[in-house]
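Dear colleague,

Please find below the sequence and the structure for your review. My notes on the findings follow directly after them.

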Amino acid sequence: VRKGEFQTFQHYFKQINLREILDEWNLQVNEAKTENVHVYLATKEEKDSKGEPLKDREPWRSNVSLGSKLGCIEDIERRCILANIAFNKYKNVWEQGTRISLAVRLKLYEAQVVSVMLYNCNSWAAPKKSLEYLDVCHRKHLRSILKIHYPICISNTTLYQRCNTRPLSERITVARWKMFGHILRSQSNAPAMMAIKFALFGTSDLKGRRGRHQTNLLTVLKNDLRVRGLDFSKDFEKVMLLASDRKRWKGLTHQRI
């Protein structure tokens, strides 16, 4: 959208009641957490406050998240802080030892702490470094529950086995794959399905943003399919057919080529 045309689009969107549209799909928007990003293409004559040409250097290009901060480094760090606070609230429970069985303590931990770290994780496109940060926080909690502190050591594999769990990064991948399947099985006019089709087939003639490619949900989903020997764009109908069979789709959850 050219900057000169923004007022026209702004007037158009004012006529749309977004809340009513989302209510049709049982979706809600937290207006307090909604971020507005003005995306436009500057003309050659436009300049910034320093008098330098603004073309191809519009402010929105430096916005990494572009309206969504779920799964970014800052969001995961904040979640770990909140998880630590929730974990410390039940410090007396973790210190009970054999008075409360390990199974019960882990069940409480899943409900009160892990739920904070993994809320809405099925839509994350977090980089590997951020997920490692989340796994470290998770293992720290598990060691505390088992009362394993320095100089006592335990391998990560043994730790997960004793707690009958797995890394949160793997659980995030599984959650994303399940949600991906739900979207592919949804109606063709569902917002999520329409967004996927537009991203795959409606942006081929559009110019991409300058600079290093940013990790987003679409690229992560494409990679999830690539490691299973599928190409999202070329094998779109095949992917849709696989998703329609829930058992086959579930069988692909941990498959790697």
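I begin with helix α3, which spans residues 73-89 and contains Ile85. Please note that the model is predicted. With a relative accessible area of 45%, Ile85 is partly exposed, since the partly exposed class runs between 20% and 50%. Together with Ile81 and Leu82, Ile85 makes up a nonpolar patch on the surface. The accessible area of these three residues together is about 270 Å².

Aromatic contacts

A pair of aromatic rings is described by the distance of the centres and the angle of the planes. The count of aromatic pairs in the model comes to nine. One of them joins Phe87 and Tyr109: the ring centres are 6.0 Å apart and the planes stand at 90 degrees, so this pair is edge-to-face, the angle being over the cut-off of 60 degrees. The contact links distant parts of the chain, as Phe87 belongs to helix α3 and Tyr109 to helix α5 (residues 102-117), with the two positions 22 residues apart in numbering. Phe87 is buried, at a relative accessible area of 8%, and Tyr109 is also buried, at 0%.

The rings of Tyr90 and Trp94 have centres 6.2 Å apart and planes at 50 degrees, so the pair is classed as tilted. Here the two partners fall into separate classes of exposure: Tyr90 is partly exposed, with a relative accessible area of 26%, whereas Trp94 is buried, with 3%.

Ring pairs also connect Trp177, Phe180, Phe232, Phe236 and Trp249 into a cluster. Trp177 has a further contact, with a charged group: the charged end of Arg228 sits over the Trp177 ring, 3.9 Å from the ring centre.

Cysteines

How many disulfides does the model contain? The count comes to zero. A disulfide is a covalent bond between the sulfur atoms of two cysteines. For Cys137, the nearest cysteine sulfur is that of Cys80, 4.0 Å away. The cut-off for a disulfide is 2.5 Å, and therefore Cys137 is in no disulfide. Cys137 is buried, with a relative accessible area of 7%. Cys121 is buried as well, with a relative accessible area of 8%.

In your own review, you may wish to begin with the ring cluster that includes Trp177 and Trp249, and then turn to the surface patch of Ile81, Leu82 and Ile85.

Yours sincerely

Notes
Residues are numbered from 1 along each chain as its sequence is written. This is a predicted model: local features need pLDDT of at least 70, side-chain atom pairs count only at pLDDT 80 or more; totals for chains, interfaces and linings use all residues. Side-chain values use heavy atoms; hydrogens and water are left out. Patches are made of residues with over 30% relative accessible area and no salt bridge: like charges are joined within 9 Å, nonpolar side chains (Val, Leu, Ile, Met, Phe, Trp, Tyr) within 5 Å. Accessible areas come from the Shrake-Rupley method with a 1.4 Å probe; for residues, only the protein chains shown count as cover. A salt bridge is a side-chain nitrogen of Lys or Arg within 4 Å of a carboxyl oxygen of Asp or Glu. Helices (H or I, at least four residues) and strands (E, at least two) are DSSP runs, numbered from the N terminus. Buried means under 20% relative accessible area, exposed over 50%, partly exposed in between (1.4 Å probe, protein chains only). Rings of Phe, Tyr and Trp (its six-membered ring) pair if their centres lie within 6.5 Å; planes under 30 degrees apart count as stacked, over 60 as edge-to-face and the rest as tilted. A charge sits over a ring if NZ of Lys or CZ of Arg is within 6 Å of the ring centre and within 35 degrees of the ring normal.
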